Amino acid sequence: MGEVQTVQEWQEGMAEEILSLIHSELYLELRFMDVALSALSWQPEESIETFGTDGEKMYYSVDRLLQVYPRNPRFLNRLYLHSVLHCIFSHLWLCGSRERHQWDLACDIMVEYTIDHLDKDCTRRAVSWIRKDIYERLEQQETGISAAVIYRFIQDINAEERSILQQEFYTDTHKYWPTEEKMAASSQMPQKQWEQIARQTQMQMEKRGADQADGQAFLEQELRAGRSKRSYRDFLRKFAVLREEMHLNPEEYDLNYYSYGLRLYGNMPLIEPVETREVRKIRDFVVVIDTSYSTSGKLVKAFLRETFGILMESHQFFAGSRIHIVQCDDQVQSDQIVTNERDLETLLQGFTIIGGGGTDFRPAFAYVNQLVQEGQLSNLKGMLYFTDGKGIYPGKRPDYETAFLFIGDYDETAVPPWAMRLRIEPEELLEQ
């Protein structure tokens, strides 16, 4: 006769069976999320009444799970998906200097908006008037919908309405989300893993093409556009090039053979030291600043500080690199060249925005093309274009790599297919 199972062991086993059922139901309707739905391990935690995650584990209450499942299994499906979407959108790691309670609310609204618009049978619920009203108000804005956009929105409403929204949209606990201190002291592996999962999910959705429902199309758009400033370091490295640099490393050859050759043959060592190495560093490239009204002022200066901070921290400059800082609205207004750290400091201290007209990207491309033809940019790697995205794009692909760095949401369909793109939230620049 086998061992007698205790009540607690039976309850824990039933809870895991329920979680397996939740996972299966979500997978059947959201097959493109198979990796994301399986990424979190399950951890019982009786101190909570809902679900919660730290990006590695899904915490749950066994007692609460057994109580809720017979009455409302769809709620548990939504709850599970809710926590997974927080991870996919990197909400756990992007609070920064924002007010935490308002950021929590913004993230919950963003995730619930996504689930409601996915409109799947396994997670469907009646949309309350409060939700319908806030969704319509958000959709009326021209900035699109994201956690950062919602955060700015709820800052402009009164405390009483925020309290109502918190009651309406509260779903999972955020007590396990890492603080800035914990993030600084620990590995960023969970965040990097979820960034990879988000990319995999996006690719799976793209394979579905025109078969997607409206809600899934919104999710795909958010995944595509939702790269944050925390991905900017990796993004900037895409402009790195492989080149030889003078470097002497005594560990790359045996000093004994080297000295023996000098003694035996005079001035002829047996093994020459390797005096060059291949490194990935920034060569010459152009940073264009859209100086129309929507991207002027503090945001531009914050972007320049962040960009050059990344370059200097990672020693990405070659000796003799030339970086053109071009200001352009509907015409090229100025071009300042940076060759070293001293130039950077001078530029940042006396930087002045020039322009303020409409946005036309074509003059900047024409200007850079002219510099290339004249030989002033004979070693051009690429162009970074900092903009709100509301302008006229060039019709022809340039001979160099181009990346548009967008402030907030932008019209994905208007961007040429040959252009790299990254969305950067204003708060994530200004907090630096």
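Biologist: How many disulfides does the count come to here?

Modeller: The count comes to 0 disulfides, a disulfide being a pair of cysteine sulfur atoms within 2.5 Å. Please keep in mind that this is a predicted model, where local features need pLDDT of at least 70, side-chain atom pairs count only at pLDDT 80 or more, and totals for chains, interfaces and linings use all residues. Residues are numbered from 1 along each chain as its sequence is written, and side-chain values rest on heavy atoms, with hydrogens and water left out.

Biologist: How do you know that the sulfur of Cys107 is too far from the closest cysteine sulfur for a bond?

Modeller: That closest sulfur belongs to Cys95 and is 7.8 Å away. Set against the disulfide cut-off, the distance is too far for a bond.

Biologist: And why is Cys107 called buried?

Modeller: Buried means under 20% relative accessible area, exposed means over 50%, and partly exposed is in between (1.4 Å probe, protein chains only). Cys107 has a relative accessible area of 0%, so it is buried. Cys87, also at 0% relative accessibility, counts as buried too.

Biologist: Let's look at the loops. What makes Ser90 stand out in its phi angle?

Modeller: Phi of Ser90 is near 60 degrees, a positive value in a residue other than glycine. You will find Ser90 in the loop between α4 (73-88) and α5 (100-118). With a relative accessible area of 9%, Ser90 is buried.

Biologist: Is Asp119 buried, partly exposed or exposed, and what puts it there?

Modeller: Its relative accessibility is 42%, so Asp119 counts as partly exposed. This residue sits in the loop between α5 and α6 (129-139), and its phi is near 55 degrees, again positive in a residue other than glycine.

Biologist: Why does Glu168 count as buried?

Modeller: Glu168 has 18% relative accessibility, and this puts it in the buried class. Its place is in helix α8 (residues 159-169); helices here are DSSP runs of H or I with at least four residues, strands are runs of E with at least two, and both are numbered from the N terminus.

Biologist: What does the side chain of Glu168 make a polar contact with?

Modeller: The partner is the side chain of Ser128, at 3.0 Å. A polar contact is a pair of N or O atoms within 3.5 Å; within protein, one must be able to donate a hydrogen and the other to accept it, and residues adjacent in sequence count only if both atoms are side-chain atoms. The 3.0 Å pair fits that limit. Neighbours within four places in sequence aside, Glu168 is in contact (heavy atoms within 4.5 Å) with Arg125, Ser128, Ile130 and Arg131.

Biologist: Now the sheets. What makes β1 and β2 edge strands?

Modeller: Their sheet is open, with 3 strands in the order β1-β3-β2 and mixed pairing. β1 (41-44) and β2 (52-53) each pair on one side only, and that makes them the edge strands.

Biologist: How do you know that β1 and β3 pair?

Modeller: Two strands pair if DSSP finds at least two bridges between them. β1 and β3 (residues 57-60) have 4 bridges, in the parallel sense, and Trp42 has Met58 as its bridge partner in β3.

Biologist: Which strands stand at the edges of the sheet of 6 strands, and why?

Modeller: That open sheet runs β8-β7-β6-β9-β10-β11, with mixed pairing. β8 (332-338) and β11 (420-424) each have a single partner strand, so one side of each is left without a neighbour in the sheet.

Biologist: Why is strand β9 called largely enclosed?

Modeller: In β9 (residues 380-387), 8 of the 8 residues are buried, so the rest of the structure largely encloses it. β9 is joined to β6 (residues 284-290) by 6 bridges, running parallel, and Val287 has Leu384 as its bridge partner in β9. On β10 (residues 401-407), β9 pairs over 6 bridges in the parallel sense; Met383 has Thr402 as its partner there.

Biologist: Which strands does helix α16 lie across?

Modeller: Helix α16 (residues 362-373) lies across β6, β7, β8, β9 and β10, at about 160 degrees to β9. Such angles run from 0 to 180 degrees between N-to-C directions, with axes fitted to C-alpha atoms, for helices over the stretch in contact.
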